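Here's a quick tour of one protein model. Have a look at the fold first, then we'll walk through a few parts of it together.

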Amino acid sequence: KLIYEFRKSKKDKSFLLKFGAVGHQKIYPIFDCIGTVTSRILIKDPFIQQLRKSSRDIFEPEVGKTFIYADYGQFEPAILADKSNDEKLIALYNSGDVYEGLSLTLFGIKDHRKICKIIFLSYMYGMSNDSLFKIVKEFFPNSGSDISERINDFFVKFISLKPYKESLINELLTTQKVGTGFGNFRYRESTNKDKLWNKEKRWLLSQKIQGTASLILKQAIIDINKNKEIEFLIPMHDAVLFQVPIENSEHYRLIIQEAFANSFIKECP
């Protein structure tokens, strides 16, 4: 853990030194106009998006203004629940916290949400139960073999997930591409009509879910940008940092919240 923290701190240090070397109070980051393969917004230089939360206090609002950090909670599980039309997963998302639900199943308490988020997303994108068990063992070395059974007990409830993944495999084999309802696709590299590469199986669901997530977020940003008092500053994966006048900041917060909700519900009712 200490080595991991050291490496992260070292990376942050190199970013922060770059900021200081610019010699200006305000930085204008360079955006990659294409973004990532799933179309998530990408800042090329400096790597602001990779800064840990503990290092983000270098950002300060202008005089008379304040920051609003808007973030989608449980974004990817929510999109997966809707697209797969899995009743159990939809119910769990709508009634509480998916990651806390997994924490309760595995450990009997809600406190291990962070590790359970890693486990859920790893399962979602194709990791086996044995590999998930190894992740748990890394964080909790004294965990017994029954943890593997509990992992299975949690995910086996979502009966629509496997058929949904299979439908995406068929879609990719048939059309040679997979993508979102907005029309951003990723195409196959292999010409094998009967079988997917393991690499293709790994990015298949990610392209559908993360691609949809990126475009939901972009639509929210576009809608919010119609209000000229709200300044778009930094996109952070499933979140955005905005700057608004301190006066009436609660009013602007509600505008942002409504735009985020409307953009999501439009795609995932």
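## Two helices crossing

Helix 4 and helix 7 cross in a right-handed way. On the helix 4 side, the touching residues are Val 98, Gly 101, Leu 102, Thr 105, Leu 106 and Phe 107. Helix 7 answers with Ile 147, Arg 150, Ile 151, Phe 154 and Phe 155.

How do people describe a pair like this? Two packed helices are described by the angle between their axes and the distance between the axes. Here, the axes of helix 4 (residues 98-107) and helix 7 (residues 146-155) come within 9 Å and cross at roughly 140 degrees. Angles over 145 degrees would count as roughly antiparallel, so with roughly 140 degrees the two helices are called oblique to each other.

## How far to trust it

Keep in mind that this is a predicted model. The mean pLDDT of the protein chain is 90, and 99% of its residues get to 70 or more.

Which element has the lowest mean pLDDT, and which the highest? Helix 1 (residues 2-22) has the lowest, at 80, while helix 10 (residues 249-267) has the highest, at 97. As a rule of thumb, where pLDDT is low, the predicted coordinates should not be read in detail.

## A helix tucked inside

Now find helix 2, which covers residues 75-84. Eight of its 10 residues are buried, so the rest of the structure largely encloses helix 2. The buried ones are Phe 75, Glu 76, Pro 77, Ala 78, Ile 79, Leu 80, Ala 81 and Ser 84.

What do these buried residues pack against? Their partners are helix 3 (87-95), helix 4, helix 5 (113-124), helix 8 (161-175), helix 9 and helix 10. Just past the end of helix 2 comes Asn 85, with a positive phi of about 55 degrees.

## Zooming in on Ser 206

Ser 206 sits in helix 9 (residues 198-224). Is Ser 206 buried or exposed? Its relative accessible area is 14%, and the cut-off for buried is under 20%, so Ser 206 counts as buried.

Setting aside its neighbours within four places in sequence, Ser 206 is in contact with Thr 38, Tyr 125 and Gly 211.

## A word on cysteines

How many disulfides does the model have? The count is zero. Two of the cysteines are worth finding on screen: Cys 33 is exposed, with a relative accessible area of 75%, whereas Cys 116 is buried, at 0%.

Notes
Residues numbered from 1 in each chain as written. Predicted model: local features only at pLDDT ≥ 70, side-chain atom pairs only at ≥ 80, totals over all residues. Heavy atoms only, no water. Disulfide = S-S within 2.5 Å. Buried < 20%, exposed > 50% of the residue type's maximum accessible area, 1.4 Å probe, protein only. pLDDT = per-residue confidence, 0-100. Helix = DSSP H or I, 4+ residues; strand = E, 2+ residues; numbered from the N terminus. Contact = heavy atoms within 4.5 Å. Axes fitted to C-alpha atoms, helices over the stretch in contact; angles between N-to-C directions. Parallel < 35°, antiparallel > 145°, perpendicular 65-115°, else oblique. Left-handed = near helix turned anticlockwise from the far one by under 90°.
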